[in-house]
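Please explain how the aromatic rings in this structure are arranged, and where charged side chains meet them.

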Amino acid sequence: IRKKKEGYFLQGMYFKKGLELIHDNFNYNWCFLLDADEFITPVKPFPDLLEAYEAYDAILLYWKNFGASGHIKAPSYDRPIFEIFNKECGYTAEDWNHRHISKMCFNMHKFKSNFVYGGHTALCNWVRTDFKTSRQDNPTFENIYIRHYMTRSWEEYKWKLEQRGYICPGHRKISDFFEMNKDMIYLKDE
């Protein structure tokens with residue numbers, strides 16, 4: 001969420017307000033800040049999995065990105081999404097530079113309103129799903145990860161760019177589509 005004219009992101013502010021609202025009004029153990037194109041993928045049942053992370057304020061979950069899987073136009077959604085979009089794609093250089101390769105899951109019993117919280121980072125006692133605390137290591141998909149659907153077709157990707165514009169760092173560019181969907185490079189001159 002951002003102010004389009006100024007190119008200023010408001011997402012962090014909304015995340016923090018949302019976390020405060022959830023913390024103050026509900027008795028939840030964990031809060032995942034996810035977009036509509038992100039799906040949590042655990043390797044075992046949540047209660048068993050999350051118990052191992054109770055000592056931490058947050059868990060850093062990495063994106064496992066999926067691209068257009070060869071779709072030029074939006075496909076028919078007659079099957080589960082994980083069957084329609086099954087070609088993994090990597091991170092773009094821009095994603096890596098801006099650390100948009102992961103999302104945080106927050107332990108609501110350890111929430112502190114004076115901490116800085118955001119979808120991709122947090123200044124608190126966080127850990128990766130493999131219990132490391134460094135972003136310098138390669139991403140891990142151990143225990144739990146996020147299936148992230150970067151785009152569902154070439155047509156949709158171009159529409160997203162028109163809607164979002166090009167004014168903010170970290171936002172998508174035409175070249176990013178081909179960086180993620182190398183099998184669709186033949187569309188580059190369209």
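In this predicted model, Phe131 is a useful place to begin. Its relative accessible area is 36%, so Phe131 counts as partly exposed. Phe131 belongs to an aromatic pair with Tyr56, in which the ring centres are 6.2 Å apart and the planes meet at 50°, an arrangement classed as tilted. Tyr56 is in the loop between H2 and S5, while Phe131 is in the loop between S7 and S8, so this pair ties together parts of the chain separated by 75 residues in sequence. Tyr56 is partly exposed, because its relative accessible area is 21% and the buried class ends under 20%.

The search of the whole structure gives 13 aromatic pairs. One of them joins Tyr53 to Phe131: the centres are 4.7 Å apart and the planes lie at 10°, so the two rings are stacked. This pair also links distant parts of the chain, 78 residues apart. Tyr53 is in the loop between helix H2 (46–51) and strand S5 (58–66), and Phe131 is in the loop between strand S7 (126–128) and strand S8 (144–149). Tyr53 has a relative accessible area of 1%, so this residue is buried.

Elsewhere, Phe39, Phe66, Tyr77, Phe85 and Tyr149 make up one aromatic cluster. Phe66 also has a charged neighbour: Arg147 lies over the face of its ring, at 4.0 Å from the ring centre. Another charge is placed over a tyrosine, with the charged end of Lys64 above the ring of Tyr145 at 4.6 Å from its centre.

Key
Residues are numbered from 1 along each chain as its sequence is written. This is a predicted model: local features need pLDDT of at least 70, side-chain atom pairs count only at pLDDT 80 or more; totals for chains, interfaces and linings use all residues. Side-chain values use heavy atoms; hydrogens and water are left out. Rings of Phe, Tyr and Trp (its six-membered ring) pair if their centres lie within 6.5 Å; planes under 30 degrees apart count as stacked, over 60 as edge-to-face and the rest as tilted. Helices (H or I, at least four residues) and strands (E, at least two) are DSSP runs, numbered from the N terminus. Buried means under 20% relative accessible area, exposed over 50%, partly exposed in between (1.4 Å probe, protein chains only). A charge sits over a ring if NZ of Lys or CZ of Arg is within 6 Å of the ring centre and within 35 degrees of the ring normal.
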